[in-house]
Amino acid sequence: MAELHFFTGTMDSGKSTLALQTNHNHAARGRVGRIFTTHDRAGAAVLSSRLGLTHDALEVDADFDFWKYVVDTLTRGGRIDYLICDEAQFYAAEQIDQLAKVVDELQIDVFAFGILTDFRTALFPGSARLVELADRMNVLQVEALCWCGKRATHNARTENGAMVVEGEVIVVGDVDQADEPPADVAYEVLCRQHHRRRLTAARAKAVSLAPEPLPFG
């Protein structure tokens, strides 16, 4: 029986790498699939991982209809055994419903990959619908770490090095690297405590390097 799988974790937990590995494993067994993504940091119509791996993909925009695409492909004599859907948090709830229909009516496996919450700690609509509909939900075992060493549970957005909690939900960026200067818009994974305090790695470093006040007297 086909199933709708949802693999989730914070940013930097290896979701896109697992998506590419899942596609490789199924293709190696002679299965034919399609790869979808949207708003990938590497650009349109490409699935990329932070390990440097990439694969051509079909770009999912707001008007994309998974059900129509699959039915049209099969009607023309094409073959589809499974779908790989990366950045699924950005899909509309209606598109997740279409994926569930593909599984149930056409018996095609769907493997969706995405983060649960945005930089405001609110559920993405696509992820929320996947939680509601998925046959299997898998939390990735590769844990991303906060700068303090604790398990990262929240995704933070920084603008010019400062953490923000307001703004457009979808702004493409990458995870900040400690040895690089802050980007105009970047992301950082934090534990809940430091996300609540808006204490990013850069801010924590600045605080630790700040001179201590001189004692009076």
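Both faces of strand 7 are covered. On one side Asp109, Phe111 and Phe113 are buried, and on the other Val110, Ala112 and Gly114 are buried. The model is predicted. Strand 7 belongs to an open sheet of six strands with parallel pairing. An open sheet of three strands, with antiparallel pairing, includes strand 9.

**Strand 7 and its neighbours**

- Six of the six residues of strand 7 are buried, so strand 7 is largely enclosed by the rest of the structure.
- In a regular strand, side chains alternate between the two faces of the sheet.
- In strand 7, Phe111 shares its side with Asp109 and Phe113, while Val110, Ala112 and Gly114 take the other.
- Strand 1 and strand 7 run parallel and are joined by five bridges.
- Within that pairing, His5 stands opposite Phe111.
- Strand 6 and strand 7 also run parallel, and four bridges join them.
- Here Ile84 is the residue opposite Phe111.
- From strand 6 the chain crosses through helix 3 to strand 7, and this β-α-β crossover is right-handed.

**The six-stranded sheet**

- The strand order is 5-2-6-7-1-8.
- Strand 5 (58–59) and strand 8 (136–139) are the edge strands, and each pairs on one side only.
- Strand 8 pairs with strand 1 in the parallel sense, over four bridges.
- In this pair, Met137 of strand 8 has Phe6 opposite.
- Helix 2 packs on the sheet and touches strand 2 (33–37), strand 5 and strand 6.
- The direction of helix 2 makes about 155° with that of strand 2.
- Helix 3 lies across strand 1, strand 6 and strand 7.
- Helix 3 runs at about 160° to strand 6.

**Nonpolar cores**

- In soluble globular proteins, nonpolar side chains tend to be buried together.
- The largest nonpolar core in this model has 23 residues.
- Phe36, Phe66, Leu83, Cys85, Tyr91 and Leu99 have the most contacts inside this core.
- Five elements give two or more residues to the core: strand 1 (4–8), helix 2 (66–75), strand 6 (82–85), helix 3 (93–106) and strand 7 (109–114).
- Helix 3 gives the most to this core, with five residues.
- Which residues does Phe36 touch, leaving out those up to four places away in sequence? Phe36 touches Ala57, Leu58, Val60, Phe64, Phe66, Tyr69, Leu83, Ile84, Cys85, Asp86 and Tyr91.
- A second, separate core has 11 residues, among them Leu20, Ile35, Tyr82 and Phe113.
- Phe113 also appears in strand 7, on the side of Asp109 and Phe111.

**The three-stranded sheet**

- The strand order is 10-9-11, and the pairing is antiparallel.
- Strand 10 and strand 11 are the edge strands, each pairing on one side only.
- Neighbouring strands of this sheet are turned by 45° against each other on average, direction ignored.
- Strand 9 pairs with strand 11 (residues 185–190) in the antiparallel sense over six bridges.
- His154 has Leu190 of strand 11 as its bridge partner.
- Three bridges join strand 9 to strand 10 (residues 162–164), and the two run antiparallel.
- Thr158 stands opposite Met163 in strand 10, and Glu159 has Ala162 as its bridge partner.
- Strand 9 and strand 10 form a hairpin with two residues between the strands.
- In this hairpin, Asn160 takes a positive phi near 55°.

**Arg157 in strand 9**

- Strand 9 is mostly covered, with five of its six residues buried.
- Arg157 lies in strand 9 (residues 154–159).
- Is Arg157 buried or exposed? Arg157 is buried, because its relative accessible area is 1% and the cut-off for burial is under 20%.
- Which side chain makes a polar contact with the side chain of Arg157? The partner is the side chain of Tyr187, at 3.1 Å.
- Arg157 and Asp118 are 39 residues apart in sequence. Their C-alpha atoms are 8.8 Å apart in space.

Note on methods
Residues numbered from 1 in each chain as written. Predicted model: local features only at pLDDT ≥ 70, side-chain atom pairs only at ≥ 80, totals over all residues. Heavy atoms only, no water. Core = buried A, V, L, I, M, F, W, Y, C linked by side-chain atoms within 4.5 Å. Buried < 20%, exposed > 50% of the residue type's maximum accessible area, 1.4 Å probe, protein only. Contact = heavy atoms within 4.5 Å. Polar contact = N/O pair within 3.5 Å; in protein donor to acceptor, adjacent residues only side chain to side chain. Pairing = 2+ DSSP bridges. Axes fitted to C-alpha atoms, helices over the stretch in contact; angles between N-to-C directions. Right-handed = clockwise from strand over helix to strand, strands pointing away.
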